[in-house]
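Good morning, and thank you for making room on the agenda. Please look at the sequence and the structure on the screen while I go through several points in turn.

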Amino acid sequence: YIVALLGAVVGYSVMIMIMTATPIAMLACGHVFDDAAFVIQWHALGMFAPSFVTGHLIARFGVQRVMMTGVALFAGCIAANLAGDAVINFWIANLMLGVGWNFLFIGASTMLTQTYRPAERAKAQAFNDFTVFGVVAVASLSAGMLHELVGWAAVNLGGIAPALAILAGLLWLRTRR
């Protein structure tokens, strides 16, 4: 349960933090609004288009592998964002961020349903949703302020430790089975 909760909380909050700060960073780098809109459109496509196959990927490769791929995509996103400030960097990063979120969030949601008994369902789901969306609200509301206070690179670097925490949880689960 804790690894599933961690995957959903961290996956969603890191995604929303970077995504929300992206247009601010792009405008700060001198890009026009249309470029920022283009990047966010592709990000949204990355978030939702894989949903047609994510369940099949989980069934074929397992929920842990799909979630690990999500962590790897987050790492790729951060690397692309730190590699430069051209529109293509933002575009590639946000597309990977969207697909990574999809794999982590759907994977964590799938994993969560396998962690409780039927009688615990309502409480387990309620606690998960309250925690996920509470942390996501804070991450979303603080993204612009963090970008202003610590900069674009720090916003991205701040996603590394939480992503590694998901990876550590997944690897811990693997050793327990």
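Of the 27 residues of helix α1, 20 are buried, so this helix is largely enclosed by the rest of the structure. I should say at once that the model is a predicted one. Helix α1 runs over residues 2-28, and at 1.5 Å a residue its 27 residues should span 39 Å; the C-alpha atoms at its ends are 38 Å apart, which agrees with that expectation. Where does α1 bend? The bend, of about 35°, is at threonine 22, and proline 23 follows within four residues. After the helix comes glycine 30, which has a positive phi, near 95°.

Let me turn to helix α4, which covers residues 63-83 and includes leucine 82. Cysteine 77 lies in α4 as well. Is cysteine 77 buried or exposed? Its relative accessible area is 0%, and because buried means under 20%, cysteine 77 is buried. Setting aside neighbours within four places in sequence, cysteine 77 is in contact with Ile18, Ala93, Met96 and Leu97. Between cysteine 77 and glycine 98, 21 residues apart along the chain, the C-alpha separation is 9.2 Å.

Leucine 82 presents another case: its relative accessibility is 39%, so it counts as partly exposed. Together with Leu157, Ile160 and Leu164, Leu82 makes a nonpolar surface patch of about 340 Å².

Leucine 82 also appears among the contacts of asparagine 156. That asparagine lies in helix α7, residues 152-157, and with 0% relative accessibility it counts as buried. Which residues does asparagine 156 touch, not counting those up to four places away in sequence? They are Ile18, Ile78, Asn81 and Leu82. Ile18 is thus a contact of asparagine 156 and also a contact of cysteine 77. The C-alpha atoms of asparagine 156 and valine 9 are separated by 17 Å, with their positions 147 residues apart along the chain.

Helix α8, residues 160-176, contains alanine 161. At 54% relative accessibility, alanine 161 counts as exposed. Its C-alpha atom is 9.9 Å from that of valine 10, although the two residues are 151 residues apart along the chain.

I come next to a second asparagine, asparagine 102, in helix α5, which spans residues 87-112. Asparagine 102 is buried, its relative accessible area being 0%. Leaving out residues up to four places away in sequence, asparagine 102 touches Gly46, Met47, Phe48, Pro50, Ser51, Thr54 and Gly107.

My last topic is charge pairing. Side chains of opposite charge can pair when their charged atoms come close. How many salt bridges does a search of the whole structure find? The search finds one. In that pairing the side chains of glutamate 120 and arginine 117 meet, at 2.9 Å from N to O. Arginine 117 is exposed, with a relative accessible area of 56%, whereas glutamate 120 is partly exposed, at 30%.

To recapitulate, helix α1 is largely enclosed by the rest of the structure, as 20 of its 27 residues are buried, and a nonpolar surface patch is made by Leu82, Leu157, Ile160 and Leu164. Thank you for your attention.

Methods. Residues are numbered from 1 along each chain as its sequence is written. This is a predicted model: local features need pLDDT of at least 70, side-chain atom pairs count only at pLDDT 80 or more; totals for chains, interfaces and linings use all residues. Side-chain values use heavy atoms; hydrogens and water are left out. Helices (H or I, at least four residues) and strands (E, at least two) are DSSP runs, numbered from the N terminus. The expected span of a helix is 1.5 Å times one less than its number of residues. The bend at a residue is the angle between axes fitted to the seven residues ending there and the seven starting there. Buried means under 20% relative accessible area, exposed over 50%, partly exposed in between (1.4 Å probe, protein chains only). Patches are made of residues with over 30% relative accessible area and no salt bridge: like charges are joined within 9 Å, nonpolar side chains (Val, Leu, Ile, Met, Phe, Trp, Tyr) within 5 Å. Accessible areas come from the Shrake-Rupley method with a 1.4 Å probe; for residues, only the protein chains shown count as cover. A salt bridge is a side-chain nitrogen of Lys or Arg within 4 Å of a carboxyl oxygen of Asp or Glu. Contact means heavy atoms within 4.5 Å.
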